[in-house]
Amino acid sequence: MPVVFGPRIVPGYQSYLEHIVVSGETLWGIAAKYYGSGNLYHRLVAANPGTIPNPNVIHPGDLIRVPQGA
């Protein structure tokens, strides 16, 4: 069963972790932490359309769902 975030479905993921953004963090850095590569930041954007309307702007305190595979 795919994980559903609002109106979007992120295929291939079965669950997610929750990450609270702290000052100085970037999507690149968060993706590197959880996926091993900053290039995968687009996964975070796709899973959080309401929280990340602009991938260049995230704020301390934002709750970001980090999709996890099976």
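**Notebook: a predicted chain, looked up piece by piece**

**Entry 1. The aromatic pair**

I began with tyrosine 41, which is partly exposed at a relative accessible area of 33%. I note here that the model is predicted. I then searched the whole structure for aromatic pairs, and one turned up. The pair joins tryptophan 28 and tyrosine 41, whose ring centres are 6.4 Å apart. I asked myself why this pair counts as tilted. The planes of the two rings stand at 35°, and planes under 30 degrees apart would count as stacked while those over 60 would be edge-to-face, so the pair falls into the remaining class. I also looked up where the two residues sit. Tryptophan 28 belongs to helix H1 and tyrosine 41 to helix H2, so the pair ties together parts 13 residues apart in sequence. Tryptophan 28 has a relative accessibility of 46%, so I wrote it down as partly exposed.

**Entry 2. The chain as a whole**

Next I stepped back to the full chain. I listed two helices and four strands. In sequence order the pattern reads β-β-β-α-α-β. The chain has 70 residues, and 30% of them are buried. I then looked up how far apart along the chain the contacting residues are. Of the contacts with a separation of 6 or more, 53% are between residues 24 or more positions apart.

**Entry 3. The nonpolar core**

Which residues form the largest nonpolar core? I found 11: Val21, Leu27, Ile30, Ala31, Tyr35, Leu44, Val45, Ile52, Ile58, Ile64 and Val66. Helix H1 (27–35), helix H2 (41–47) and strand E4 (63–68) are the elements that give two or more residues to this core. H1 gives the most, with four residues. I added a general remark: in soluble globular proteins, nonpolar side chains tend to be buried together.

I took three core members in turn.

Leucine 27 is in helix H1. Its relative accessibility is 4%, and the cut-off for buried is under 20%, so leucine 27 counts as buried. Beyond its neighbours within four places in sequence, leucine 27 is in contact with Tyr41, Leu44, Val45, Ile52, Pro55, Ile58 and Ile64. I also looked up a distance: the C-alpha atoms of leucine 27 and glycine 38 are 7.5 Å apart, with their positions 11 residues apart along the chain.

Alanine 31 touches Gly36, Ser37, Gly38, Leu40, Tyr41 and Leu44, once residues up to four places away in sequence are set aside.

Valine 21 lies in the loop between strand E3 (15–20) and H1. I put valine 21 down as buried because its relative accessibility is 3%. With neighbours within four places left out, its contacts are Ile30, Ile58, His59, Pro60, Gly61, Asp62 and Ile64. One of these, Asp62, became the next entry.

**Entry 4. Aspartate 62**

I found aspartate 62 in the loop between H2 and E4. Along the chain, valine 21 and aspartate 62 are 41 residues apart, yet their C-alpha atoms are separated by 5.3 Å. I then asked which side chain of opposite charge is nearest to aspartate 62. It is arginine 65, 13 Å away. Aspartate 62 is buried and has no salt bridge. A salt bridge needs the charged atoms within 4 Å, so a distance of 13 Å does not qualify. What I did find is that the side chain of aspartate 62 reaches the backbone nitrogen of histidine 59 at 2.9 Å. Leaving out residues up to four places away in sequence, aspartate 62 touches His19, Ile20, Val21 and Thr51.

**Entry 5. Strand E3**

Histidine 19 was on that contact list, and I looked it up next. Histidine 19 sits in strand E3. Is histidine 19 buried or exposed? Its relative accessible area is 6%, so histidine 19 is buried. Its side chain makes a polar contact with the side chain of tyrosine 34, at 2.9 Å. Apart from residues up to four places away in sequence, histidine 19 touches Glu25, Ile30, Lys33, Tyr34, Asp62, Leu63, Ile64 and Val66. Among them are Ile30, Ile64 and Val66, which I had already listed in the core.

Serine 15 is also placed in strand E3. With a relative accessible area of 36%, serine 15 is partly exposed. My last look-up was its distance to arginine 65: the two are 50 residues apart in sequence and 9.4 Å apart in space, C-alpha to C-alpha.

Notes: Residues are numbered from 1 along each chain as its sequence is written. This is a predicted model: local features need pLDDT of at least 70, side-chain atom pairs count only at pLDDT 80 or more; totals for chains, interfaces and linings use all residues. Side-chain values use heavy atoms; hydrogens and water are left out. A nonpolar core is a set of buried Ala, Val, Leu, Ile, Met, Phe, Trp, Tyr and Cys residues joined through side-chain atoms within 4.5 Å. Buried means under 20% relative accessible area, exposed over 50%, partly exposed in between (1.4 Å probe, protein chains only). Contact means heavy atoms within 4.5 Å. Lys and Arg count as positive and Asp and Glu as negative; His and the chain ends are not counted. A polar contact is a pair of N or O atoms within 3.5 Å; within protein, one must be able to donate a hydrogen and the other to accept it, and residues adjacent in sequence count only if both atoms are side-chain atoms. Rings of Phe, Tyr and Trp (its six-membered ring) pair if their centres lie within 6.5 Å; planes under 30 degrees apart count as stacked, over 60 as edge-to-face and the rest as tilted.
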